[in-house]
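Visitor: I'd like a close look at one part of this protein, the part where the helices pack against one another. Could you walk me through it slowly?

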Amino acid sequence: GRIDIKRGKYDGDQSRIEDGCLCPTCHDLKTTKHDLYWLFRKKNESGVWSYDPDGGRRATMHNIFFFNQLMADIRTAIREGRFEEFAKDTLGALSR
């Protein structure tokens with residue numbers, strides 16, 4: 001589902017961005033919601049809030065992996081003749 005990582009509720013949240021995700025951000029780097037939150041909201045040397053580009057890179061890697069997997073699942077559902085059921089269950093849950 002959608003996560004607005006810049007919201008303060010993720011400060012201190014040590015859970016993964018998405019349970020079971022095998023993307024490099026979640027699986028290899030073991031990035032938590034807290035880690036990503038602080039990469040997007042980091043103080044620079046002057047004490048001013050700034051943005052660490054690594055946050056954007058990690059979020060992008062996760063998002064690309066997610067959408068590639070989603071498209072593979074959609075193709076499989078179409079091939080197996082169960083796209084309508086898939087769309088109702090999976091895509092409906094994503095839009096909430």
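Guide: Happy to, and keep in mind that this is a predicted model. Let's start with helices α2 and α3, which count as oblique to each other because their packing angle falls in none of the named ranges, such as over 145 degrees for roughly antiparallel. That angle is about 135°, and the two axes sit 7 Å apart. As for handedness, α2 and α3 cross in a left-handed way. On the α2 side, which covers residues 33–40, the contact uses Leu36, Leu39 and Phe40, and α3 answers with Asp54, Gly55, Gly56, Arg58 and Ala59. Sort those residues by class and you get four nonpolar, two polar and two charged.

Now follow α3, which spans residues 53–79, over to its other partner here, helix α4 (residues 83–94). This pair packs at about 155°, with the axes 9 Å apart. That angle is why α3 and α4 are described as roughly antiparallel. The crossing of α3 past α4 is right-handed. From α3, the residues in contact are Phe66, Leu70, Asp73, Ile74, Ala77 and Ile78, while α4 supplies Phe83, Phe86, Thr90, Leu91 and Leu94. By class, the α3–α4 contact has nine nonpolar residues, one polar and one charged.

There's also a pocket to look at while we're on α3. The second largest pocket holds about 200 Å³ of space. Helix α3 gives the largest share of its lining, five residues. The full lining is Glu18, Gly20, Cys21, Leu22, Phe65, Phe66, Gln69, Leu70, Asp73 and Thr90. By class, that makes five nonpolar, three polar and two charged residues. Some of these names should ring a bell: Phe66, Leu70, Asp73 and Thr90 line the pocket, and Phe66, Leu70 and Asp73 of α3 and Thr90 of α4 are also among the residues where the two helices meet.

Notes:
Residues are numbered from 1 along each chain as its sequence is written. This is a predicted model: local features need pLDDT of at least 70, side-chain atom pairs count only at pLDDT 80 or more; totals for chains, interfaces and linings use all residues. Side-chain values use heavy atoms; hydrogens and water are left out. On a 1 Å grid over the protein atoms alone, a cavity is a set of points where a 1.4 Å probe fits but cannot get out, and a pocket is an open set with protein on both sides within 12 Å along at least five of seven lines; lining residues have an atom within 4 Å of a point. Grid points are joined across faces, edges and corners, and a volume is the space filled by probe spheres set on the points. Helices (H or I, at least four residues) and strands (E, at least two) are DSSP runs, numbered from the N terminus. Ala, Val, Leu, Ile, Met, Phe, Trp, Tyr, Cys and Pro count as nonpolar, Asp, Glu, Lys and Arg as charged, and the others, Gly among them, as polar. Axes are lines fitted to C-alpha atoms, for helices over the stretch in contact, and angles run from 0 to 180 degrees between N-to-C directions. Angles under 35 degrees count as roughly parallel, over 145 as roughly antiparallel, 65 to 115 as roughly perpendicular and the rest as oblique. A crossing is left-handed if the near helix is turned anticlockwise from the far one by less than a right angle, and right-handed if clockwise. Contact means heavy atoms within 4.5 Å.
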